[in-house]
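Reader: I should be grateful for a close account of the region in which the two ligands are held. Please describe the surroundings of each ligand in turn.

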Amino acid sequence: MNPLRHVAIIMDGNGRWGLKHKKSRNAGHRAGLNTVEVVIKESIKNNIKYLTLFAFSTENWKRPKKEINYLFSLLENFLKNKIESLHKKKIKLQIIGNKKFSSNLNKLLVKSEKKTKKNNVLQINLALNYGSKLELIEAFKKLQKSKKTLTEKNFKQYLQTKNIPDPDILIRTGNTQRLSNFLLWQVAYSEIFFEKKLWPDFNHEDYNRIIKKYKKIKRNFGNV
Ligand code: IPE
Ligand code: IPE
Ligand code: MG
């Protein structure tokens with residue numbers, strides 16, 4: 001059975017779900033938060049140590065201002081209401097991506113990271129204003145500046161995921177089969193699951209089915 005340390009998820013399909021059920025994309029974003037809680041709970045049950053959630057990409061700034069504002073207000077409320085209970089469950093929150101938000105949200109993010117820094121049950125990497133190409137370019141620049149030799153090992157130290165093992169599983173919900181600039185380097189050997197269901201419909205049975213399937217896959221890493 002394959003060990004499972006890290007699951008990464010592209011949580012896609014909120015907008016379509018909201019339009020279908022409530023005639024509003026934003027209602028889908030709100031509903032998607034329930035699935036986030038389900039996945040956190042199941043990850044702990046399965047003894048998964050790292051959960052990386054793609055919440056906002058560097059490309060998502062192209063969306064209407066109203067939707068962007070709503071997404072960040074949801075995030076702000078979620079943190080305000082839940083950080084205490086996440087902390088009690090010994091969950092560590094880390095942001096990957098560039099923290100270029102309102103000063104209130106930035107402060108809240110930094111405060112939440114600080115508060116949960118020493119927790120060790122589950123690390124949640126929340127990808128916010130994250131884009132893999134930008135991450136790679138910034139890593140190259142930092143490595144160049146350091147004058148270290150360009151090796152895989154040295155390079156990895158400059159990624160935002162340094163010290164985090166690569167994802168074993170990558171899940172994308174929402175019936176689209178693409179990576180949308182997410183962890184391009186890190187998913188080199190991940191087992192990828194594209195799910196038809198929209199994110200708010202994804203449930204604990206779907207998640208556990210994927211985990212069960214993953215555990216039986218023969219992972220070669222180039223070997224035979
Ligand atoms: C959520 O799904 C992903 C975010 C960027 C928050 P979408 O908002 O992309 O939903 P669809 O794909 O339009 O249905
Ligand atoms: C990917 O979903 C980003 C997040 C889930 C945060 P998108 O909905 O932005 O991806 P595209 O634009 O359809 O590729
Ligand atoms: Mg989408």
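Author: A polar contact is a pair of N or O atoms within 3.5 Å. The model discussed here is a predicted one.

With that cut-off in mind, consider ligand 1. A polar side-chain atom of Arg25 lies 2.9 Å from one of the oxygen atoms of ligand 1, which means that the pair counts as a polar contact. The side chain of Arg16 also places an N or O atom 2.7 Å from an oxygen atom of ligand 1. Gly15 takes part through its backbone, where an N or O atom is 2.9 Å from an oxygen atom of this ligand. Taken alone, ligand 1 exposes 380 Å², and 88% of that is buried by the protein.

Two elements give two or more residues to the shell around ligand 1, namely α1 (14-22) and α2 (25-45). The largest share, three residues, is that of α1. The full list of residues around ligand 1 reads Met11, Asp12, Gly13, Asn14, Gly15, Arg16, Arg25, His29, Ala55, Asn60, Arg63 and Leu71. By character, this shell divides into three nonpolar, five polar and four charged residues. The space that ligand 1 takes is the largest pocket.

The description of ligand 2 follows the same plan. The space taken by ligand 2 is likewise given as the largest pocket. Around ligand 2 are Ile10, Met11, Asp12, Phe54, Ala55, Phe56, Asn60, Arg63, Arg172, Arg178 and Ser180. Strand β2, residues 50-57, gives the most to this shell, with three residues. Five residues of the shell around ligand 2 are nonpolar, two are polar and four are charged.

Three side chains provide polar contacts to ligand 2. A polar side-chain atom of Asp12 is 3.1 Å from an oxygen atom of ligand 2. For Arg63, an N or O atom of the side chain lies 3.2 Å from an oxygen atom of the ligand, and for Arg172 the corresponding distance is 3.3 Å. Ligand 2 exposes 390 Å² when taken alone, of which the protein buries 78%.

Asp12 and Arg63, which make these contacts with ligand 2, are also listed among the residues around ligand 1. Met11, Ala55 and Asn60 likewise appear around ligand 1 and around ligand 2.

One further feature concerns the chain that follows β2. A search of the whole structure finds 13 aromatic pairs. One of them joins Trp61 and Phe72, whose rings are stacked, with 5.7 Å from centre to centre and 25° between the planes. Trp61 belongs to the loop between β2 and α3 (65-88), whereas Phe72 is in helix α3, so that the pair links parts of the chain 11 residues apart.

Key:
Residues are numbered from 1 along each chain as its sequence is written. Chains are lettered from A and ligands numbered from 1 in the order in which they are written. This is a predicted model: local features need pLDDT of at least 70, side-chain atom pairs count only at pLDDT 80 or more; totals for chains, interfaces and linings use all residues. Side-chain values use heavy atoms; hydrogens and water are left out. A residue is near a molecule or strand if one of its heavy atoms lies within 4 Å of it. A polar contact is a pair of N or O atoms within 3.5 Å; within protein, one must be able to donate a hydrogen and the other to accept it, and residues adjacent in sequence count only if both atoms are side-chain atoms. Accessible areas come from the Shrake-Rupley method with a 1.4 Å probe; for residues, only the protein chains shown count as cover. On a 1 Å grid over the protein atoms alone, a cavity is a set of points where a 1.4 Å probe fits but cannot get out, and a pocket is an open set with protein on both sides within 12 Å along at least five of seven lines; lining residues have an atom within 4 Å of a point. A molecule sits in a cavity or pocket if more than half of its atoms lie within 2 Å of its grid points. Helices (H or I, at least four residues) and strands (E, at least two) are DSSP runs, numbered from the N terminus. Ala, Val, Leu, Ile, Met, Phe, Trp, Tyr, Cys and Pro count as nonpolar, Asp, Glu, Lys and Arg as charged, and the others, Gly among them, as polar. Rings of Phe, Tyr and Trp (its six-membered ring) pair if their centres lie within 6.5 Å; planes under 30 degrees apart count as stacked, over 60 as edge-to-face and the rest as tilted.
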